[in-house]
Amino acid sequence: MTDATTTKKPSASSRKWLLTQNSQLRAEGIFNWPLPAFAGRLDDGRTYNTCPEAGACQKLCYARVGSYRFSNVLAAHQRNLKMILDTPQEWEQQMAAELQHKRYRDKWIRLHDSGDFFSDAYLSAWLRIMRGAPEGVRFYCYTKSVDRFRRLVEPDPPANFLWCYSLGGTQDHLLDLEKERHAEVFPGTEELEEAGYSDQTESDLLAVLGPERVGIPANRIPHLLKRQGKESFGSLQRALDAQLAEKKQRAADRAFQLAT
Ligand code: SF4
């Protein structure tokens, strides 16, 4: 995130509910806290990146196209981000208070159907909110913030929080794909099954309650499907990682030749 030249400091939201439901999650009774996906600019000029660990996924991101770019939808997601950036304590208090409401009893809250945990402070705030939430309220997410979770979540996770690492990020290499729950996005169900993953299409909660190799068929967005081709998010990221390693090696070789 960069500072704005003119930074507005809006007060905490006066809207009735912070948590929303999109059509897919509503069908499952899941509430959602969305952020604007990846990089953008707020109306006051500040730039942001809510997915700092995004890698190959950023060019195939369903949340950067279609209805997520409708001006009212993007504005609502940016309003969420602004609350966190400008009035973090008020946001945390308001979220904690809202979760006391009976409409969240025995419900799941999905953190980010777009965006991710973009800073240690933001993730830590959510961990406090989860620990203070009433019994019966449960939280889950997909995340590419592997290092942040290793440090801040894995040593002592809240009892009401489950997560699923998702491939296509710059920290994929930190994951043990044989042992750790993770999600992989394939062009379709056929490729998903061939690779030995379990389809989570039936319920988003399978990401955290189903088998640990979570397969997601890519959204049927023609130009993104074309761009993805036969690859998965994870295989595209491995190719990017290999290219980067080669580039670094070439630079190191050149530096060595110049020095000798
Ligand atoms: S991390 Fe998720 S929301 Fe962010 S760019 Fe990647 S796919 Fe999109």
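**Close-up views of a predicted model**

**View 1. An open sheet of seven strands, paired in parallel, runs in the order β1-β4-β5-β6-β7-β9-β8.** Because β1 (30-33) and β8 (198-199) each have a single partner strand, they stand at the edges of the sheet, and one side of each is left without a neighbour there. Please keep in mind that this is a predicted model. As a general reminder, strands of a sheet pair through backbone hydrogen bonds, either parallel or antiparallel.

**View 2. Here we look at the edge strand β8 and its pairing with β9.** Strand β9 covers residues 213-217 and runs parallel to β8, with two bridges joining them. To find your way in, start at S198: its bridge partner in β9 is V214.

**View 3. Helix α3 (residues 88-98) packs with helix α4 (residues 120-132).** Their axes are 10 Å apart and form an angle of about 25°. Angles under 35 degrees count as roughly parallel, and α3 and α4 are therefore roughly parallel to each other. The crossing of the two helices is right-handed.

**View 4. A closer look at the contact shows which residues of α3 and α4 meet.** On the α3 side you will find P88, E92, M95 and A96, and facing them in α4 are A125, R128, I129 and G132. By class, the residues of this contact divide into five nonpolar, one polar and two charged.

**View 5. The last view shows the residues that surround the ligand.** The shell includes A37, F38, C51, A54, C57, Q58 and C61. A63, S114, G115, D116 and K144 also belong to the ligand's surroundings. Sorted by class, the shell has seven nonpolar, three polar and two charged residues.

Technical notes: Residues are numbered from 1 along each chain as its sequence is written. This is a predicted model: local features need pLDDT of at least 70, side-chain atom pairs count only at pLDDT 80 or more; totals for chains, interfaces and linings use all residues. Axes are lines fitted to C-alpha atoms, for helices over the stretch in contact, and angles run from 0 to 180 degrees between N-to-C directions. Helices (H or I, at least four residues) and strands (E, at least two) are DSSP runs, numbered from the N terminus. Angles under 35 degrees count as roughly parallel, over 145 as roughly antiparallel, 65 to 115 as roughly perpendicular and the rest as oblique. A crossing is left-handed if the near helix is turned anticlockwise from the far one by less than a right angle, and right-handed if clockwise. Two residues are in contact if their C-beta atoms, placed from the backbone, lie within 7 Å. Ala, Val, Leu, Ile, Met, Phe, Trp, Tyr, Cys and Pro count as nonpolar, Asp, Glu, Lys and Arg as charged, and the others, Gly among them, as polar. A residue is near a molecule or strand if its C-beta atom, placed from the backbone, lies within 6 Å of it. Two strands pair if DSSP finds at least two bridges between them.
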